[in-house]
Amino acid sequence: MRLDLVHEFQTSSHRKGHLDHILVRLVDEDGAVGWGEIASAADPYYNAENVETCWLVARDYLLPAVLGAHWDHPSQVSALWRKVRGNEFAKAGVDVAAWSLFAQATGVPLAAALGGTRTEVVAGVSLGIEPTIDALLEQVALHVGHGYPRVKLKIAPGWDVEPVRAVRAAYPDLDVHVDANGVYTESDEHLAALRALDEHRLTMIEQPFAPRDLLAHARFAATVTTPVCLDESVESLADLRLALELSAGRVLNIKVSRMGGLTAAVAAHDLASAAGLGVWCGGMHEFGVGRYANVALSSLPGFTLPSDVSGSDKYYARDVVLPPVVAHAGRVSVPTVAGLGAQVDEEYLAASTLRVHEVAVA
Ligand code: OSB
Ligand code: MG
């Protein structure tokens with residue numbers, strides 16, 4: 001299905017005015033329903049997946065593995081596709097659908113099913129690269145005005161020190177961090193720009209180098225006082241263990257999509273918080289289904305830093321769930337109703353649907 005963005009979003013790699021995500025609906029033999037979302041980008045720039053690879057992998061591998069299978073708890077579902085390598089976003093959508101089906105069928109809120117303890121979570125906003133510094137300052141003012149206590153700025157070579165200096169000058173005490181989405185190298189020029197950020201009291205520098213380059217992160221982290229945060233580098237618990245061994249970062253952004261679902265995201269949370277990392281929940285511009293899953297995950301006690309779980313309205317004029325995710329003064333309440341926490345707006349979903357694939361037990 002497609003939703004239009006209220007404000008174009010540009011990262012170091014691409015610019016977007018609308019997003020196409022895949023919603024996964026699982027129905028059990030009693031008719032209980034669970035929803036998940038495959039929040040892959042249209043292009044393989046954040047990771048190797050794109051919306052079409054997700055469609056194929058879900059259709060040809062994940063759904064056939066799940067269809068008709070018996071399981072008692074959603075943590076058993078990922079074992080059904082254990083032979084399928086990678087494709088974490090596709091897996092995450094099906095895994096979340098299994099978790100929300102379980103929570104719905106057993107009458108517990110998804111957050112409680114995951115072991116969450118918070119009643120509300122602190123939300124930060126992620127701001128894209130803007131055409132000008134003034135346009136960026138306008139975006140910061142808008143979201144700080146809405147009460148968001150933390151602002152993350154996308155950076156790229158040529159759009160780093162200047163925007164950070166401008167935002168810091170206008171907001172001396174704001175919780176600000178930057179996210180490079182892996183586009184810096186260890187060239188003198190890039191390292192000089194990254195090191196120049198160190199004097200601006202940023203909460204963290206997220207994913208400066210390429211996903212597989214944990215050594216570059218470890219080398220850089222040893223030379224700056226600002227904590228380094230890993231995002232794209234950690235797609236599995238093995239990646240996380242290696243990152244810990246190498247001291248590649250003191251902070252971890254945990255994304256449901258990147259980890260391949262809620263089961264793996266909870267395990268990453270447990271390991272990272274036991275290791276003393278700062279931990280927070282990242283996002284992929286999720287529509288309401290994935291956004292509620294992020295809110296539920298963020299209610300776990302180890303998520304000590306603000307999450308990228310801004311209200312639906314930051315991205316979409318109308319979300320596909322009712323009620324949409326709402327932030328008040330930068331906080332989002334964790335739903336206390338059974339299941340995901342909101343209903344999919346079937347009418348709006350039907351009107352926004354681009355393609356449907358349906359399979360059932362014969
Ligand atoms: O690196 O965190 C990222 C969106 C698309 C691709 C990568 C990232 C992001 C975000 C989105 O920052 C944050 C959000 O969903 O609010
Ligand atoms: Mg990131």
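Visitor: How are the donor residues of the magnesium ion (ligand 2) spaced in sequence?

Guide: Their spacing is D-x26-E-x24-D. Two of these donors link distant parts of the chain: glutamate 206 belongs to strand E9 (residues 205–206), and aspartate 231 lies in the loop between strand E10 (228–230) and helix H8 (237–246), 25 residues apart. Please bear in mind that this is a predicted model.

Visitor: What makes Asp179, Glu206 and Asp231 donors of the magnesium ion?

Guide: Asp179 (OD), Glu206 (OE) and Asp231 (OD) lie 2.1 to 2.3 Å from the ion. A donor must be an N, O or S atom within 2.8 Å of the metal, so these atoms qualify.

Visitor: Why is the pair formed by tyrosine 315 and ligand 1 called a polar contact?

Guide: A polar side-chain atom of tyrosine 315 is 2.8 Å from an oxygen atom of ligand 1. The limit for a pair of N or O atoms is 3.5 Å, and therefore the pair counts as a polar contact. Asparagine 181 also places an N or O atom of its side chain 2.8 Å from an oxygen atom of the ligand. For lysine 154, the distance from a polar side-chain atom to a ligand oxygen is 3.0 Å. The protein covers 97% of the 390 Å² of accessible area that ligand 1 has on its own.

Visitor: Which residues surround ligand 1 most closely, and what classes make up the shell?

Guide: The shell holds 14 residues, of which the closest are Lys152, Asn181, Lys255, His285 and Tyr315. By class, the shell has 3 nonpolar, 4 polar and 7 charged residues.

Visitor: How do you know that the protein contains empty spaces, and how many cavities are counted?

Guide: Rolling a probe the size of a water molecule over the atoms shows where empty space is left. The count comes to 2 cavities of 30 Å³ or more. The largest cavity has a volume of about 60 Å³. Its lining includes Glu37, Ala92 and Asn294, and H2, helix H9 (256–259) and helix H11 (288–298) each supply at least two lining residues.

Visitor: What makes a pocket something other than a cavity?

Guide: In a cavity the probe fits but cannot get out, whereas a pocket is an open set of points. The largest pocket has a volume of about 1,400 Å³. It is lined by 44 residues, and those closest to its centre are Val24, Arg25, Leu26, Val27 and Leu63. H1 gives the most to this lining, with 7 residues. The lining of the largest pocket divides into 27 nonpolar, 6 polar and 11 charged residues.

Terms used. Residues numbered from 1 in each chain as written. Chains lettered and ligands numbered in written order. Predicted model: local features only at pLDDT ≥ 70, side-chain atom pairs only at ≥ 80, totals over all residues. Heavy atoms only, no water. Near = heavy atom within 4 Å. Polar contact = N/O pair within 3.5 Å; in protein donor to acceptor, adjacent residues only side chain to side chain. Areas by Shrake-Rupley, 256 points an atom, 1.4 Å probe, with all protein chains shown as cover. Nonpolar A, V, L, I, M, F, W, Y, C, P; charged D, E, K, R; others polar. 1 Å grid on protein atoms, 1.4 Å probe; cavity = no way out; pocket = protein on both sides within 12 Å on 5 of 7 lines; lining within 4 Å. Points joined across faces, edges and corners; volume = space filled by probe spheres on them. Helix = DSSP H or I, 4+ residues; strand = E, 2+ residues; numbered from the N terminus. Donors = N, O, S within 2.8 Å, 3.2 Å for Na, K, Ca; no water.
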